[in-house]
Amino acid sequence: MTAAQADLHIDRPTVADGAALWRMAKDSKVLDLNSSYSYLLWCRDFAATSAVARDEHGEPVGFVTGYLRPDHPATLLVWQVAVDEAHRGRGLAAALLDGLVARTALEHGTSTVETTITPGNIASERLFTSFAERHGARLEREVLFDTALFPDGPHDPEVLYRIGPLSLTPSA
């Protein structure tokens, strides 16, 4: 963690964090906004595979949501990453991602990370490319969901980023 992140604490989200996660996703203007209900459920049912960064007052200022793929339980699918605008540019998204993957590697044996990114989301492309480099992992990209698959109007394709195997040394 950098000096700029020293006043922040990363842990698991709680249901009480759901509204803040929804707001950060909404304010990002690049994430697909899910219903507020879904963020509450996510904080309840997927807290073990998600992370939240809290400021010195305990308020959420960033998050990563994810889940273990049922058919590939050593794969963590990262659903969304967002950082409050006032805390951007400090490496918080990378710290959240690194911390979550280290925790899931220790607790669940995670060896691969997947996420989808729409073309042109430069911040996410950089975040996951640098994550792969930091962990000495191969990065593969392929279109997972083409534009034509989305029933609710124009949607950019979702490109799958598969990163692994990871070179992690979980600490006790």
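**Exercise 1. Helix 3 and what follows it**

Task: Find which residue follows helix 3 and state the sign of its phi, then compare the span of helix 3 with the expected value and say which residues of helix 3 are buried.

Solution: In this predicted model, the residue that follows helix 3 is Gly-109, and its phi is positive, near 75 degrees. Turning to the length, the 17 residues of helix 3 should span 24 Å at 1.5 Å a residue, and because the end C-alpha atoms are 23 Å apart, the two values agree. The buried residues of helix 3 are Leu-92, Ala-94, Ala-95, Leu-96, Leu-97, Leu-100, Val-101, Arg-103, Thr-104 and Ala-105. These buried residues pack against strand 1 (9-11), strand 2, strand 3, strand 4, strand 5 and helix 4.

**Exercise 2. Two buried residues in helices**

Task: Decide whether Thr-104 is buried or exposed, decide the same for Gly-18, and list the contacts of Thr-104 and of Gly-18 beyond four places in sequence.

Solution: Thr-104 is found in helix 3. Its relative accessible area is 0%, and since buried means under 20%, Thr-104 counts as buried. With neighbours within four places in sequence left aside, Thr-104 is in contact with Ala-48, Thr-49, Leu-76, Gly-109 and Thr-110; Gly-109 is the residue that follows helix 3.

Gly-18 lies in helix 1, which covers residues 18-28. Its relative accessibility is 0%, so Gly-18 is buried. Under the same exclusion of neighbours within four places, Gly-18 is in contact with Tyr-39, Leu-40 and Cys-43. The C-alpha atom of Gly-18 is also separated by 8.3 Å from that of Ser-38, which is 20 residues away along the chain.

**Exercise 3. The nonpolar cores**

Task: Identify which members of the largest nonpolar core touch the most other members, and which element gives the most to this core.

Solution: The largest nonpolar core has 26 residues, of which Val-78, Val-113, Phe-128 and Ile-163 touch the most other members. Two or more residues come from each of strand 2 (51-54), strand 3, strand 4, helix 3, strand 5, helix 4 and strand 7, and helix 3 gives the most, with six residues. Val-113 can serve as an illustration: not counting residues up to four places away in sequence, Val-113 touches Leu-76, Val-78, Val-101, Phe-128, Phe-131, Tyr-161, Arg-162, Ile-163 and Leu-166. There is also a second, separate core of ten residues, among them Leu-21, Ala-25, Val-52 and Phe-63.

**Exercise 4. The two pockets**

Task: For the largest pocket, give the volume, the residues closest to the centre and the make-up of the lining, then treat the second largest pocket in turn.

Solution: About 630 Å³ of space lies in the largest pocket. Its lining consists of 25 residues, and those closest to the centre are Asp-32, Trp-79, Thr-116, Ile-117 and Glu-158. Among the elements that each supply at least two lining residues are strand 3 (60-69), strand 5 (112-117) and strand 7 (158-163), while the largest share, five residues, comes from strand 4. By class, this lining has 13 nonpolar, eight polar and four charged residues.

The second largest pocket has a volume of about 450 Å³. It is lined by 20 residues, of which Val-83, Arg-88, Ala-93, Ala-123 and Ser-124 are the closest to its centre. Strand 4, helix 3 (92-108) and helix 4 are the elements that give two or more residues to this lining, and helix 4 gives the most, with five residues. The lining of the second largest pocket divides into ten nonpolar, seven polar and three charged residues.

Conventions: Residues numbered from 1 in each chain as written. Predicted model: local features only at pLDDT ≥ 70, side-chain atom pairs only at ≥ 80, totals over all residues. Heavy atoms only, no water. 1 Å grid on protein atoms, 1.4 Å probe; cavity = no way out; pocket = protein on both sides within 12 Å on 5 of 7 lines; lining within 4 Å. Points joined across faces, edges and corners; volume = space filled by probe spheres on them. Helix = DSSP H or I, 4+ residues; strand = E, 2+ residues; numbered from the N terminus. Nonpolar A, V, L, I, M, F, W, Y, C, P; charged D, E, K, R; others polar. Core = buried A, V, L, I, M, F, W, Y, C linked by side-chain atoms within 4.5 Å. Buried < 20%, exposed > 50% of the residue type's maximum accessible area, 1.4 Å probe, protein only. Contact = heavy atoms within 4.5 Å. Expected span 1.5 Å × (residues − 1).
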